[in-house]
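Q: I would like a close look at one part of this structure. Please start from a single residue and work outwards from there.

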Amino acid sequence: MTKEPKLMTGNANKPLAEAIARRMSMHRGVSTKLVESRVERFNDGEIFVEVYENVRGEDMFIIQPTSNPANDNLMELLIMSDALRRSSAARTTAVIPYFGYARQDRRTKARTPISAKLVANMIVEAGIERVLTMDLHAAQIQGFFDIPVDNLYASPIFALDILEQFRDRMKDVMIISPDVGGVARARELAKRIDAPLAIVDKRREKPGEIAEMTVIGNVEDKICIIVDDICDTAGTLCKAADLIKSSGAKEVHSYISHGVLSGPAVERITKSAMKSLVITDSIEPTKAVKGAPNIRIVPTAPLFAQAILNIWNGTSVSSLFDTDMLEPIYEGLF
């Protein structure tokens, strides 16, 4: 019988792990701290993990997004799990706020891998018995695992933020999907806040090169909010924002679950037609991201803290899909 949920983290996103521990302490009135451990590298880059506390029979939660550097952070997760398994932990849950390799979920050409499935196999083999993640790039990745996967959504948090930020102008708000593939995600958020939906249709001549973009829907005099799960180099996002603005939109904002923001992304966003880009802290923001005038970060710690507690005490995780359920958890933040 386990007494308390115990949290552990690698080097991928320590501020988020610490924030989750603080929120769990607030929710329960019982101090929750990260398990003392060290995750270090030998001179040749090999990863070494040592856990300083007794974890025998404990319910362990490893908080580790597999963001940049994806391979290092993934290996840290696997090695931490192995260390816990060999230390007789009762159960190990991987809390992966951002699941790297999720974009490689199918074979798009001949002789290419399905890396998301390979990563899922590695996670299961390392001894992890449950995965808690947020906004998987493709929902079917849950089926790549032979263990339970809880996929949380950022849209209830975004809905709370939009209703707060645009509370006097909600009649002008319109949700935009940046491509046809993201329509389901955009529609779901549009339903939550009772807003209309438009789509940006893009056609590619070659991979990475957009030949033509068209807005399907009337965006004139609207406050347009682009919704997507991942923003990497921000090329497509900024082009979509420029197109929407030139089509007569009053303002353009973006809400993105995972701000990968690699390469020239921050510079592009700063110079773009977007008035604001809102991302979550599923990936630890860089100094450039924190310093960008039009990028804002919303916290996921309250959501993950409650989800971990629900898993630990055997109650519903899907209840956290409802905006109404999140309102008391996020009270004071929006």
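Is Asn151 buried or exposed, and what surrounds that part of the chain?

A: The model is predicted. Asn151 has a relative accessibility of 6%, which is under the 20% cut-off, so Asn151 counts as buried. The residue belongs to strand β7, which covers residues 149-152.

The side chain of Asn151 makes two polar contacts with backbone atoms. One goes to the backbone nitrogen of Asp135, at 3.1 Å. The other goes to the backbone nitrogen of Leu136, at 3.2 Å. Leaving out residues up to four places away in sequence, Asn151 touches Thr133, Met134, Asp135, Leu136, Gln142 and Phe321.

Asp135 deserves its own entry. This residue sits in the loop between β6 and β7, and its relative accessibility of 9% makes it count as buried. Its phi is near 45 degrees, a positive value in a residue other than glycine. Most residues other than glycine have a negative phi. Ala234 also has a positive phi, about 70 degrees, without being a glycine. Ala234 is placed in the loop between β11 (223-231) and α6 (235-246), and at 5% relative accessibility it counts as buried.

Next to Asn151 in the sequence is Leu152. Apart from neighbours within four places in sequence, Leu152 is in contact with Leu132, Thr133, Met134, Asp135, Leu303, Phe304, Ala307, Val317, Leu320 and Phe321. Leu152 is also one of the residues with the most contacts inside the largest nonpolar core, along with Ile20 and Ile175. That core has 47 residues. Its largest share, eight residues, comes from helix α9, residues 301-313. A second core, separate from this one, has 33 residues, including Val55, Leu74, Ala94 and Ile123. In soluble globular proteins, nonpolar side chains tend to be buried together.

Two members of the second core, Ala94 and Ile123, lead to Ile128, which touches both of them. Ile128 lies in the loop between α3 (115-125) and β6 (130-134). With a relative accessibility of 2%, Ile128 counts as buried. Its contacts beyond four places in sequence also include Leu77, Ser81, Thr92 and Ile147. The C-alpha atoms of Ile128 and Ile62 are 9.4 Å apart, while the two residues are separated by 66 residues along the chain.

Ile62 belongs to strand β4 and stands opposite Met8. Strand β4 (residues 59-63) runs parallel to β1, and five bridges join the two. Strand β1, residues 5-9, is mostly covered, with four of its five residues buried. After β4, the loop leading to α2 (70-86) holds Pro69. Asn68 and Pro69 are joined by a cis peptide bond, with omega about -5 degrees. Most peptide bonds are trans.

On the other side of Asn151 in sequence terms, helix α4 (residues 155-165) contains Phe158. Phe158 pairs with Tyr255 edge-to-face, with the ring centres 5.2 Å apart and 70 degrees between the planes. Tyr255 lies in strand β12 (residues 251-259), so the pair ties together parts that are 97 residues apart in sequence. Both rings belong to buried residues, Phe158 and Tyr255. A search of the whole structure finds four aromatic pairs.

The loop between α4 and β8 (173-177) holds Asp172, and the loop between α6 and β12 holds Lys250. These two residues form a salt bridge, with the closest N and O atoms 3.2 Å apart. The pair therefore ties together parts that are 78 residues apart in sequence. Asp172 counts as buried at 17% relative accessibility, whereas Lys250, at 40%, counts as partly exposed.

The structure holds 22 salt bridges. Another one is formed by Arg103 and Asp232, whose closest N and O atoms are 3.0 Å apart. Arg103 is in the loop between β5 (91-96) and α3, and Asp232 in the loop between β11 and α6, 129 residues apart. Arg103, at 42% relative accessibility, and Asp232, at 23%, both count as partly exposed.

Notes:
Residues are numbered from 1 along each chain as its sequence is written. This is a predicted model: local features need pLDDT of at least 70, side-chain atom pairs count only at pLDDT 80 or more; totals for chains, interfaces and linings use all residues. Side-chain values use heavy atoms; hydrogens and water are left out. A nonpolar core is a set of buried Ala, Val, Leu, Ile, Met, Phe, Trp, Tyr and Cys residues joined through side-chain atoms within 4.5 Å. Buried means under 20% relative accessible area, exposed over 50%, partly exposed in between (1.4 Å probe, protein chains only). Contact means heavy atoms within 4.5 Å. Rings of Phe, Tyr and Trp (its six-membered ring) pair if their centres lie within 6.5 Å; planes under 30 degrees apart count as stacked, over 60 as edge-to-face and the rest as tilted. A polar contact is a pair of N or O atoms within 3.5 Å; within protein, one must be able to donate a hydrogen and the other to accept it, and residues adjacent in sequence count only if both atoms are side-chain atoms. Two strands pair if DSSP finds at least two bridges between them. A salt bridge is a side-chain nitrogen of Lys or Arg within 4 Å of a carboxyl oxygen of Asp or Glu.
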